[in-house]
Amino acid sequence: MTEVGARLWVVPGGHIPFPSTGPEPAFTSFDQLCVLNTTDTRADTELHLYYEDAEPVGPYAITVDARRVRHVRLNDLIDPEAVRLDRPYGCLLRSPVPVVVQFLRQDTRLPGVVALTAAMAYPA
């Protein structure tokens, strides 16, 4: 399999919408990273978050097995600290092997409405 992707990815516009109006977990607002590893080596990635008004937080360890994809809700990240809801952030993901990263947001703040947005992260 051909290796695809980059070792450094940036998402400048993160923001986990809050509050949610739907039942958990299917209709909870979230930000999510989808990480694709096409290599024959496990990707032990590190994620760092950058807020407007606070020091950066990280690393958050995210492992993606060889030749696999992993979907990670940023709402679920708690170590080294829980990701702050309803606060703008940017993030940087570093990987020892090339990976591909997609960013996804589900916004359920309006009753009965599910807004879904997806974008590719920026390979740096």
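Hi everyone, this is a short walk through the strands, the core, the cavity and the salt bridges of the structure above.

A word on ground rules before the tour. This is a predicted model in which local features need pLDDT of at least 70, side-chain atom pairs count only at pLDDT 80 or more, and totals for chains, interfaces and linings use all residues. Residues are numbered from 1 along each chain as its sequence is written, and side-chain values use heavy atoms, with hydrogens and water left out.

Let's begin with the strands. When I say strand, I mean a DSSP run of E with at least two residues, numbered from the N terminus; helices would be H or I runs of at least four. Two strands count as paired if DSSP finds at least two bridges between them.

Please find β1, residues 6-14. β1 and β6 run antiparallel and are joined by 6 bridges. If you want a landmark there, G14 has Y89 in β6 as its bridge partner. β1 also runs antiparallel to β8, residues 122-123, with 2 bridges joining them. On that side, V10 stands opposite Y122.

Now move to β3, residues 43-51, and β4, residues 57-64, which pair in the antiparallel sense over 6 bridges. These two strands form a hairpin, with 5 residues between them. Within the hairpin, D44 faces T63 of β4. Keep D44 in mind, as we will come back to that residue.

Next, the interior. Which residues touch the most other members of the largest nonpolar core? They are L33, L47 and L49, in a core of 26 residues. A nonpolar core here is a set of buried Ala, Val, Leu, Ile, Met, Phe, Trp, Tyr and Cys residues joined through side-chain atoms within 4.5 Å. Buried means under 20% relative accessible area, exposed means over 50%, and partly exposed is in between, using a 1.4 Å probe and protein chains only. β1, β2, β3, β4 and β6 each supply at least two residues of this core, and the largest share, 7 residues, comes from β6. As general background, nonpolar side chains in soluble globular proteins tend to be buried together.

There is also a cavity to look at. Searching the whole structure turns up 1 cavity of 30 Å³ or more, and the largest cavity holds about 30 Å³ of space. By cavity I mean a set of points, on a 1 Å grid over the protein atoms alone, where a 1.4 Å probe fits but cannot get out; lining residues have an atom within 4 Å of a point. Grid points are joined across faces, edges and corners, and the volume is the space filled by probe spheres set on the points.

What kind of residues line this cavity? The lining divides into 10 nonpolar, no polar and no charged residues. Here, Ala, Val, Leu, Ile, Met, Phe, Trp, Tyr, Cys and Pro count as nonpolar, Asp, Glu, Lys and Arg as charged, and the others, Gly among them, as polar. Among the lining residues are W9, V10, L33, L47 and A121. β6 gives the largest share of the lining, 4 residues.

On to the charges. The structure holds 6 salt bridges, each being a side-chain nitrogen of Lys or Arg within 4 Å of a carboxyl oxygen of Asp or Glu. I'll show you three.

Here is D44 again, forming a salt bridge with R42 whose closest N and O atoms are 3.0 Å apart. D44 is partly exposed at 36% relative accessible area, and R42 is partly exposed at 47%.

The second joins R87 and D53, at 2.5 Å from N to O. R87 sits in the loop between β5 and β6 and D53 in the loop between β3 and β4, so this pair ties together parts that are 34 residues apart in sequence. D53 is exposed, at 58%, while R87 is partly exposed, at 25%.

The third links E81 to R84, with 2.8 Å between the closest N and O atoms.

Last, some backbone details. Cis peptide bonds join F18 to P19, with omega about 0°, and E24 to P25, with omega about -10°. P19 is in the loop between β1 and β2, and P25 is in the loop between β1 and β2 too. D86, in the loop between β5 and β6, has a positive phi near 60° despite being a residue other than glycine.

Thanks for listening!

Notes. On a 1 Å grid over the protein atoms alone, a cavity is a set of points where a 1.4 Å probe fits but cannot get out, and a pocket is an open set with protein on both sides within 12 Å along at least five of seven lines; lining residues have an atom within 4 Å of a point.
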